[in-house]
Amino acid sequence: TRGIGNYRKRRTIFTWLRKQKPDVVFLQETHSTQGNEVSWQREWGATLICSHGANNARGVAILIRNNFDCVIKESVIDTNGRFIILKVLLSGEPAVLVNIYGSNRDKELVAFHHTVLQTIVNKNLDDIESIIMGGDFNCPLNPVVDKRGGNQIPRKSAINTIELLQSELDLHDIWRVKNPTKRS
């Protein structure tokens with residue numbers, strides 16, 4: 001979102017999201033702080049969980065619409081504004097929701113992916129069959145189809161940790177599965 005501190009921008013985003021009628025929304029780069037979480041939740045009008053970065057950097061949020069059968073059982077909220085992990089019941093079935101915002105520096109990104117994986121494993125959340133992970137990984141797995149402009153050289157160490165996450169948690173990039181050659 002590149003920050004939703006501005007009231008007009010936030011109202012525009014929240015209004016657009018409500019019209020889309022999603023059950024769950026993952027936002028990155030919210031630039032949120034503890035001080036604005038309560039007012040943002042009131043403006044959203046439903047459940048909003050934040051991991052705060054700074055008022056000009058990082059921050060992730062998970063928004064859950066009213067009347068969606070989602071019960072939060074446990075949450076892990078990163079203090080650096082990089083991830084939120086929720087153990088939930090979706091219509092009575094256990095699931096894990098993971099919203100991430102990876103660093104754009106490969107060394108930090110590799111450590112970050114390992115932290116996310118270790119957190120999920122340490123909390124025994126990897127035993128849950130339904131894991132929904134989304135966000136900004138800040139690393140295209142295949143720069144030829146996943147990136148425009150800039151450096152097209154694959155970032156091996158970062159890609160390897162994303163692939164490790166996928167392998168360990170049995171995750172699939174559903175968009176890429178459904179669109180194997182589409183540039184986006």
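These are my notebook entries on a predicted model of one protein chain.

**Ground rules**

I number residues from 1 along each chain as its sequence is written, and my side-chain values use heavy atoms, with hydrogens and water left out. Because the model is predicted, I take local features at pLDDT of at least 70 and count side-chain atom pairs only at pLDDT 80 or more, while totals for chains, interfaces and linings use all residues.

**Entry 1: the whole chain**

I began with the secondary structure and found six helices and seven strands. My elements are DSSP runs numbered from the N terminus: helices are H or I with at least four residues, strands are E with at least two. Reading from the N terminus, I get the order α-β-α-β-β-β-β-β-α-β-α-α-α. The radius of gyration is 16 Å, close to the 16 Å that the globule rule gives for 184 residues, so the chain is as compact as a globular protein of that length. I take that radius over C-alpha atoms, and the rule is 2.2 Å times the number of residues to the power 0.38. Along the principal axes, the C-alpha atoms fill a box of roughly 45 × 35 × 30 Å.

Next I looked up burial, and 40% of the 184 residues count as buried. For me buried is under 20% relative accessible area, exposed is over 50%, and partly exposed is in between (1.4 Å probe, protein chains only). The accessible surface comes to about 10600 Å², and carbon and sulfur atoms own 48% of that. Those areas come from the Shrake-Rupley method with a 1.4 Å probe; for residues, only the protein chains shown count as cover.

I also checked contacts, meaning heavy atoms within 4.5 Å. Of the contacts with a separation of 6 or more, 56% join residues 24 or more positions apart.

Last for this entry, charges: the mean positions of the 25 positive and 19 negative ones are 12 Å apart. Lys and Arg count as positive, Asp and Glu as negative, with His and the chain ends not counted. I place each charge at NZ of Lys, CZ of Arg, CG of Asp or CD of Glu.

**Entry 2: helix H3**

I checked the length of H3 (residues 106-122). At 1.5 Å a residue, its 17 residues should span 24 Å, and the end C-alpha atoms are 24 Å apart, which agrees. The expected span is 1.5 Å times one less than the number of residues.

Which residues of H3 are buried? I listed Leu109, Val110, Phe112, His113, Val116, Leu117, Thr119 and Ile120. Their cover includes strands E4 (70-77), E5, E6 (93-101) and E7 (131-136), plus helix H5 (156-169). After H3 comes Asn124, whose phi is positive, near 60 degrees.

**Entry 3: Leu86**

I picked Leu86 in strand E5 (residues 83-90). It counts as buried at 0% relative accessibility. Leaving out residues up to four places away in sequence, I see Leu86 touching Ile49, Ile62, Ile64, Ile72, Glu74, Ser75, Ala95, Val96 and Leu97. Leu86 and Ile174 are 88 residues apart in sequence and 20 Å apart in space, C-alpha to C-alpha.

**Entry 4: Leu27 and Thr30**

Leu27 sits in strand E1 and is buried, with a relative accessible area of 7%. Beyond four places in sequence, its partners include Thr1, Ile4, Leu17, Val60 and Asn99. From Leu27 to Gly3 I read 9.9 Å between C-alpha atoms, with their positions 24 residues apart in sequence.

Buried or exposed: what is Thr30? Thr30 is buried, at 1% relative accessibility, although I find it in the loop between E1 and helix H2 (34-44). With the same sequence neighbours left out, Thr30 touches Thr1, Gly3, Ile4, Trp40, Arg58, Gly59, Val60 and Ala61.

**Entry 5: loops with positive phi, and Asp173**

Lys21 is not a glycine, yet its phi is positive at about 55 degrees. I place Lys21 in the loop between helix H1 (7-20) and strand E1 (24-28), where it counts as exposed at 67% relative accessibility.

Asp170 also has a positive phi of about 55 degrees without being a glycine. Asp170 lies in the loop between H5 and helix H6 (174-178) and is exposed, with a relative accessible area of 59%.

Asp173 is found in the loop between H5 and H6 too, and is partly exposed at 37%. Its C-alpha atom is separated by 9.3 Å from that of Met133, 40 residues apart along the chain.
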